[in-house]
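Colleague: Please take a close look at one part of this model, the part towards the end of the chain where charged side chains pair. I should like to know how the pairs are placed and how far they are covered.

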Amino acid sequence: MPARIAVANQKGGVGKTSVTLGLAAAASRRGDRALVIDLDPQANATTALGIEPDDAALTVNDVLAVSRAGSLGDVITASAWEGVDVAPSTLDLSNRDLDGAHDLPFRLREGLQGIDLERYAVVLIDCPPSVGRLLLTGLVTASHALLVTDATADGLRGIGNVESTVELVAKHMSPGLRIAGIVLNRRRHTGEQDYREAELREAFGTLVTDVVLPERAALPAAHAAAQPIGSTANEGARVLTTLFEDLYADVLARTATAGVAS
Ligand SMILES: Nc1ncnc2c1ncn2[C@@H]1O[C@H](COP(=O)(O)OP(=O)(O)OP(=O)(O)O)[C@@H](O)[C@H]1O
Ligand SMILES: [Mg+2]
């Protein structure tokens, strides 16, 4: 069973989607198959993977809504990236954050049980920047949470909050859930950010990955063009491609040793 990794932080804009896509790109470069489940109604991962949300016949919302218009197997489709499949999102998914159905957070996990996951090296779940039922759905479905933050005071506070959310979910809803790591993204070399990184490492120790992702314009450019990082040859893309390869190897090792709940 591959690790099912919820890439999460309730703080917006820290790089959850970029890390999801960077790990998917690294899997693809290695010849691994990856499944990306887009749980964000903004559908940024879906779009970057070359699928227009309005053109998707079925989306994750069809698995989660009470009407259950499709099974997860019907929803998963090949993306424009070699070796990467996607369960696309759409704006309608925002209705699920207000959906009070008691079993809602478990529907995606149930849906995954009907999928042959062995063909994937990893399942990546891109979570929305909210503390609602979609985040719960992602965490309940996951074997591990990978937390992403920027090196700011707000970002670090966000990590404390999401860590508490993960602990609550592990305690009450999904006992096997573990935090695989914390990734610093959009790192700029300022004294302020040096200080915040030191603070994060002091608080969370080896949970913080050695790989730190710098701010590079090549990343938004690649995703706007629906291309994996690594498909362009400029310096920023080369730096990030190598770092995502290292991060992917580290995350696979962390999820293997932390024990993957079945
Ligand atoms: N390392 C980076 N270098 C440069 N730009 C980046 C980097 N990481 C993310 N960005 C850009 O910052 C913006 C926010 O990133 P992203 O969408 O990945 O964050 P997010 O946490 O998924 O946001 P949301 O909370 O809205 O889902 C995007 O425009 C993205 O391209
Ligand atoms: Mg996002």
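Modeller: A residue is called buried under 20% relative accessible area, exposed over 50% and partly exposed in between (1.4 Å probe, protein chains only). This is a predicted model, in which local features need pLDDT of at least 70 and side-chain atom pairs pLDDT 80 or more, while totals for chains, interfaces and linings use all residues. Residues are numbered from 1 along each chain as written, chains are lettered from A and ligands numbered from 1 in written order, and side-chain values use heavy atoms, without hydrogens or water.

I begin with the pair formed by Glu 215 and Arg 188, whose side chains meet in a salt bridge (a side-chain nitrogen of Lys or Arg within 4 Å of a carboxyl oxygen of Asp or Glu) with an N to O distance of 2.8 Å. This pair links distant parts of the chain, its two residues being 27 residues apart. Glu 215 sits in the loop that joins strand S8 (208-214) to helix H9 (218-224), and Arg 188 in the loop that joins strand S7 (178-187) to helix H8 (191-204); helices (H or I, at least four residues) and strands (E, at least two) are DSSP runs numbered from the N terminus. Arg 188 has a relative accessible area of 43% and therefore counts as partly exposed. Glu 215, at 29%, is partly exposed as well.

The two strands named here also approach each other through Val 211 and Leu 184, whose C-alpha atoms are 7.8 Å apart although 27 residues separate them along the chain. Val 211 belongs to strand S8. Its relative accessible area is 10%, so Val 211 is buried.

Strand S7 also contains Arg 186. The backbone of Arg 186 has a phi near 60 degrees, a positive value in a residue other than glycine. Most residues other than glycine have a negative phi. Arg 186 is partly exposed because its relative accessible area is 39%. A positive phi also occurs elsewhere in the model, at Ala 43, where the angle is near 55 degrees. Ala 43 lies in the loop between strand S2 (34-38) and helix H2 (44-48), and at 1% relative accessibility Ala 43 counts as buried.

To return to the requested part, helix H8 carries a salt bridge of its own. Glu 197 and Arg 201 are joined there, with their closest N and O atoms 2.9 Å apart. Both residues lie in helix H8, four residues from one another, which is about one turn of the helix. Their cover can be stated for each partner: Glu 197 is buried, at 14% relative accessibility, whereas Arg 201 is partly exposed, at 26%. This pair belongs to a network of salt bridges that links Arg 187, Asp 194, Glu 197 and Arg 201.

For context, the structure holds 16 salt bridges. One of them, outside the part you asked about, joins Arg 96 to Asp 99, with the closest N and O atoms 2.9 Å apart. Arg 96 is buried at 12% relative accessibility, and Asp 99 is buried with a relative accessible area of 14%.

In summary, the part combines a salt bridge between two loops, Glu 215 to Arg 188, with the network that includes Glu 197 and Arg 201.
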